[in-house]
Amino acid sequence: MKNIDELIGRALREEPSRGLPAGFAARIAARAVTGEFSRFETFLMIALVGALVVCGVMNVGRLGSEGMHEVVANGWIAAFLACVAVSWLIGMTAARSGMSAPPPAPQ
Amino acid sequence: MDDPRRPDREMVEAVLARRPRAFERLVRQYQGLCWHIVQRMVRDPDDAHELCQDTFMRVHRYLHQYRFDSALKSWIGRVAYTVALRHLEKKRIPVVDADDEVHGELVENVGDGGDLEAGLVEEEVVRHLRSAIERLAPLPRTILTLHHLEEIPIPEIAQITGVPEGTIKSHLFRSRARLRELLRELLP
């Protein structure tokens, strides 16, 4: 009879194990690249929103309260809200159709 | 003299330089190690699969922090072990049995030598041994796998698990003793 060390080694080697599926490496690599792009998109979004806020504050300061009344009266606020709503709706539609979903987990 | 870390360095530099398929090659090279660590820790194949994905996503994200002060294999093993450990902690699953707690005592004689009882059919012993390994706690089971299956030396296992070398030796010694004991119970 063999030494227990050899038997343990054999028991572990011969264990029926599902293991990781074929193509696991390729899928993970693709997912990692996708993740990089989404991080870039997030950075870009934060930068643009930041720029918008800064510009908004500067304009409020420049125009004063009377100027702001004019902006509201001309419907600029309504146009801005409409843009936000359309953007949100496009995002929702894309999410439902799976356009922005991460790649499916390998089986 | 050749730098033993040269292959690691080349592989890491290729991934960081975003060379085509470099990360895929890295994953392919270490997915077996990752699977052995994670699957031995968590047991459930679906959880293990998901945690292996998580491990390699983390490896990709934090590879720039790898400083070549240990083998890349140990570094990736450490990430896999940490991911699996957090999973067990979330599920409140202990990694060692209460009576398996070792407090760093050094057991120099890791191998307990000794042949198993003659007369038992080897196939039967291996089959029972496999089920006995299943009954070990996650940490001793993982240490046993790294040592016997991946043939990773004890200092590297210590780097992967963050457990002191003396404790690793104690776990190995105790696991072998327990397996012998369980085999005696299982076999007539």
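A residue counts as buried when its relative accessible area is under 20% and as exposed when that area is over 50%. The exercises below apply this and related criteria to a predicted model.

**Exercise 1.** Determine whether Phe68(B) and Arg92(B) count as buried or exposed, and state where each residue lies.

*Solution.*
Step 1. Phe68(B) is located in the loop that joins α3 (45-62) and α4 of chain B. Its phi is near 65 degrees, a positive value in a residue other than glycine.
Step 2. The relative accessibility of Phe68(B) is 17%, so the residue counts as buried.
Step 3. Arg92(B) belongs to the loop between α4 and α5 of chain B. Here too phi is positive in a residue other than glycine, with a value near 55 degrees.
Step 4. Because its relative accessibility is 75%, Arg92(B) counts as exposed.

**Exercise 2.** Classify the packing of α1(A) against α5(B) and describe the residues that form the contact.

*Solution.*
Step 1. Helix α1 comprises residues 4-13 of chain A, and helix α5 comprises residues 122-134 of chain B. Their axes are 9 Å apart and meet at an angle of about 75 degrees.
Step 2. Angles of 65 to 115 degrees count as roughly perpendicular; α1(A) and α5(B) are therefore roughly perpendicular to each other.
Step 3. On the α1(A) side, the contact is made by Leu7(A), Ile8(A), Arg10(A), Ala11(A) and Leu12(A). From α5(B) come Glu122(B), Glu123(B), Val125(B), Val126(B), Leu129(B), Arg130(B) and Ile133(B).
Step 4. Sorted by class, the contact of α1(A) with α5(B) contains eight nonpolar and four charged residues, and no polar ones.

**Exercise 3.** Summarise the secondary structure and surface of chain A.

*Solution.*
Step 1. Chain A has three helices and zero strands, and from the N terminus its elements follow the order α-α-α.
Step 2. Of its 107 residues, 21% count as buried.
Step 3. The exposed area of chain A is about 7,800 Å², of which carbon and sulfur atoms supply 70%.

**Exercise 4.** Assess the predictor's confidence in chain B and in the complex.

*Solution.*
Step 1. Chain B has a mean pLDDT of 85, with 85% of its residues at 70 or more.
Step 2. In chain B, confidence is highest in helix α4 (residues 72-90), at a mean of 95, and lowest in α5(B), at 84.
Step 3. Residues 103-111 of chain B have a pLDDT below 50; in the model this stretch makes 18 contacts beyond near neighbours in sequence.
Step 4. For the complex, the predictor gives an ipTM of 0.76 and a pTM of 0.70.

Technical notes. Residues numbered from 1 in each chain as written. Chains lettered and ligands numbered in written order. Predicted model: local features only at pLDDT ≥ 70, side-chain atom pairs only at ≥ 80, totals over all residues. Heavy atoms only, no water. Helix = DSSP H or I, 4+ residues; strand = E, 2+ residues; numbered from the N terminus. Buried < 20%, exposed > 50% of the residue type's maximum accessible area, 1.4 Å probe, protein only. Areas by Shrake-Rupley, 256 points an atom, 1.4 Å probe, with all protein chains shown as cover. Axes fitted to C-alpha atoms, helices over the stretch in contact; angles between N-to-C directions. Parallel < 35°, antiparallel > 145°, perpendicular 65-115°, else oblique. Contact = heavy atoms within 4.5 Å. Nonpolar A, V, L, I, M, F, W, Y, C, P; charged D, E, K, R; others polar. pLDDT = per-residue confidence, 0-100.
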